[in-house]
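Here is a short report for a reader who is new to this structure. Look at the sequence and the model first, then read on.

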Amino acid sequence: MIRRVRPSTTKAGSGRIILWGAAITVIALGATFLLDPYRNFQLATIAATFCAVAGLTVLVGSSGQLSLGQAAMMAVGGYGYALTANALTGVGVDGVARFVLAMIGGIAASGLLGLLLGLAAARLRGPYLAGLTLAITIAIAPVTTFFSGVFNGDAGLQIANDSVPPILATLIAMEQWQAWIAILVAGVVVTALASLSHSGIGLHMRATRDDETAARLSGIRTGRIKVIAFLASSVTAGAGGAVACFITQAVSPGAYTLAFSLMLVVAAVIGGLGSISGAALGSALIVLLPWTVTLMTEALPAELAQRLSGNLPVLLFGLLLILVMATARRGLAGIRFRPRPRRDRRASSPRRPQPDSAAADAPPAASEPVLELAVQSVPSAPHERRK
Amino acid sequence: MEHRSHVHRVTAAAGVAALLVALAACSTPAAPSEGGGVPGVTEDTVTIGTHTPLTGPAAAGYAGISAAASAYFEYLNDNGGVHGRSIDYIVKDDGYNPANTQTVVRELVQEDKVFAIVNGLGTPTHLSVIDFLNQNEVPDLFVASGASDWNQPEKYPYTFSFNSSYVVEGAALAQYATDAHPGKKVCLFGQDDSFGAELIEGAEHVLGDDGLVAVERYAVSNPDVSAQIGALKTAGCEIVMLGTIPGFSALAIGTAAQLGWSPMWFATSVGADYVTLSGLLKDAAPQLLDGFVSANYMPGISSDWVKLFSTINDEYNDGAVFDGNTIYGMSMAYLFAEALEASGQNPTREALLEALTSGDLTGNGIVPLAFSKDSHEAYPAAGIQVVEDGVQDYVGSTYRVTDDDVEAIDAAFPPVTEEGIPAN
């Protein structure tokens, strides 16, 4: 158990994560050539969602803090991107410079809110924390309405289109270019997140999650670790939201509802909490499943299809969640590790007892399924643990 | 040892990726119009699509529009279609949420390869896809919204409106208020986007910059309007102009009734359908809606068009409730058929645009269609309807609105020819 949370802080460890991240990114970039424009749009959407789910899975899986506000963080990133991009368009900046600066704007906005929220979160736990993050998500629409002059209410903000760079214009379509950008951003963001999760900070996060008092006795500054976890997950979500804004040239509160926020949690749980590859699976699932269901219901009579199209995906996600939790508590990403018992593996390489690359996917300790975290924390009201 | 195997794996993966890139580079992804033919057009079909709210806050008022349009297209197909082609109308639900609109419209254009987007519904929703449609050179016809954004031929050559604009309706309603109820205090309750803003612009065109005594706004995401209605009551409003979708028209009227307040309501065509509002206000409707004033430009209840549409509704729409949405949806579908017919034996997107801007299309609205090379505005005039004894019909006041003037005109709907099927 303790072995599992040992970090791979050696240069070889982080170097390998970067190498893997780069390789997967290149494969994904190559895959865009095999897809038609709409599929590339979906791939780009998955990449944007992946940023947010990866952040969430590290936050919940590694640091043990539940957030229902991940969609709000995406929205903040999206609005930060749109406002910066529009300001830059106003002064005549465009192209790569506008994209990079607007990305920075989006990430900075979500990072700032994440920091504030993290400072509060470090003092809260369980249902209290969930309540706080829930409030942030619900506040998005009223805030955009109240400051309608800045955020343009329900209609949201539109931004100028970034077309394909002239060099590539004959080779790739618009959607493919957008998918490239989304994949590159996701590659950078998620690789950085995986490196963080593998570093000493990641170890401290897991120690904090498992037993905060013990962690503090070991000299870990748990408050700071929790803030860092929140900040990291907010920044990745913000990057995802900024990319989503880039893909669709718009951001509106309707895209970041409470339902979507819960869907991000479902994606992280179904994929396997704490697992980056699980986050990728979960992101693909929440983008593709509703679309597939709609395709299937279109064959039905119009009225029935209309009634089912909105509700059936939600029902399926519920069933899937129950199924995955009942049969594979580590989520979809955990399933493939089963045939390879860890003991054999360690025996075969006694010199490297610490986790290898699979540690990037290391699910939370099986003895403590994180889904139960929220439930477990209900009886432990704050005063109980504040000694 | 293990380390080395990882490096191997990574190298192998990168190699495979590079190979993929090299292989696939030969097959640049298909552009929307690739394949030689016209997107959405085959020997015997023309496929078009729309985005519309079938669920969510706006569904109550608008879900019937696409059903009515589909019914008309079925009627048309059963009678030979257009130049022998039947029309396949794909309807996608966006829940009146711009984020969904972007997804479903991309799907229609890139997956279903539609010939045109027809009657996409909503100002905030359609604004989110107008750039995409024009960049991809997809005809974007008869947007179901009175915003003036759709009438920008220079910037959006592929986009055409269908409604009379909110500026036109605002001016017509304000002019009617001045003519029929002089000296009353006029206020406005509007949606917090260009819908509300343009209605205000139209009203002030007639009443002057300070002509509106009070203005309140609402957001679709917040279905509680008591604060705004209370403020209007306090301001002593006697006439309240409504820049609202049907659900919020009913909310405003219902909330005012709960406050014991009953001003005169002047609504735009998009939020004024009597049958829809009755369905929302239930038993109180006859009392609350008596004398309800609204602008409109579609055939009135006593016209021959409505008789024809009523027959089609019975036969092709399972006898669904016949309301203003039915008339609107079928009129729009008729206009599309007329435009497609005028595009010739072998329709292309260019020919369709040519037909639309030729000035030869008539439509069935209160004034002849105003489409031309320089204008993508459909109907620059609006008539006034009033509810009397549960019947909503024109009272004979019709106003044509130009940049400088609001002028009362005589109007009559064009006669129904060829059973409402554009001549082959």
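In which helix of chain A is the place of A:V143? A:V143 lies in helix α5 of chain A, which covers residues 126-146. The model is a predicted one.

**A surface patch on chain A**

A:V143 has a relative accessibility of 36% and therefore counts as partly exposed, a class that lies between 20% and 50%. This residue belongs to a nonpolar patch on the surface. The other members are A:L83, A:F146, A:F147 and A:V150. Together the five offer about 470 Å² of accessible area.

**Chain B as a whole**

Chain B holds 13 helices and 13 strands. Its C-alpha trace spans about 85 × 60 × 45 Å along the principal axes. The radius of gyration is 24 Å, which agrees with the value near 22 Å for a compact globule of 424 residues. Of those 424 residues, 57% are buried.

**Two helices of chain B**

Two helices are set side by side here.

| Helix | Residues | Length | Span, first to last C-alpha | Expected span |
|---|---|---|---|---|
| α3(B) | 98-111 | 14 residues | 19 Å | 20 Å |
| α5(B) | 166-180 | 15 residues | 20 Å | 21 Å |

In α3(B) the span is close to the expected one. The same can be said of α5(B).

How many of the residues of α3(B) are buried? The count is 11 of 14, so this helix is largely enclosed by the rest of the structure. Among the buried residues are B:P98, B:A99, B:V104, B:V105, B:L108 and B:V109. The list also includes B:R106 and B:E107.

Both ends of α3(B) can be described. At the start, a side-chain oxygen of B:N97 comes to within 2.9 Å of the backbone nitrogen of B:A99. After the helix comes B:K113, with a positive phi near 50°.

Helix α5(B) has 12 buried residues out of 15, so α5(B) too is largely enclosed by the rest of the structure. Its buried residues include B:Y166, B:V167, B:V168, B:G170, B:A171 and B:A172. B:E169, B:Q175 and B:Y176 are also among them.

**A residue in a strand**

Is B:Q385 buried or exposed? Its relative accessibility is 4%, so B:Q385 counts as buried. The residue sits in strand β11 of chain B, residues 381-388. Its side chain makes a polar contact with the side chain of B:N296, at 3.4 Å.

Terms used: Residues numbered from 1 in each chain as written. Chains lettered and ligands numbered in written order. Predicted model: local features only at pLDDT ≥ 70, side-chain atom pairs only at ≥ 80, totals over all residues. Heavy atoms only, no water. Patch = residues over 30% accessible without salt bridge, like charges linked within 9 Å, V, L, I, M, F, W, Y side chains within 5 Å. Areas by Shrake-Rupley, 256 points an atom, 1.4 Å probe, with all protein chains shown as cover. Salt bridge = Lys/Arg side-chain N within 4 Å of Asp/Glu carboxyl O. Helix = DSSP H or I, 4+ residues; strand = E, 2+ residues; numbered from the N terminus. Buried < 20%, exposed > 50% of the residue type's maximum accessible area, 1.4 Å probe, protein only. Expected span 1.5 Å × (residues − 1). Polar contact = N/O pair within 3.5 Å; in protein donor to acceptor, adjacent residues only side chain to side chain. Rg over C-alpha atoms; globule rule 2.2 N^0.38 Å.
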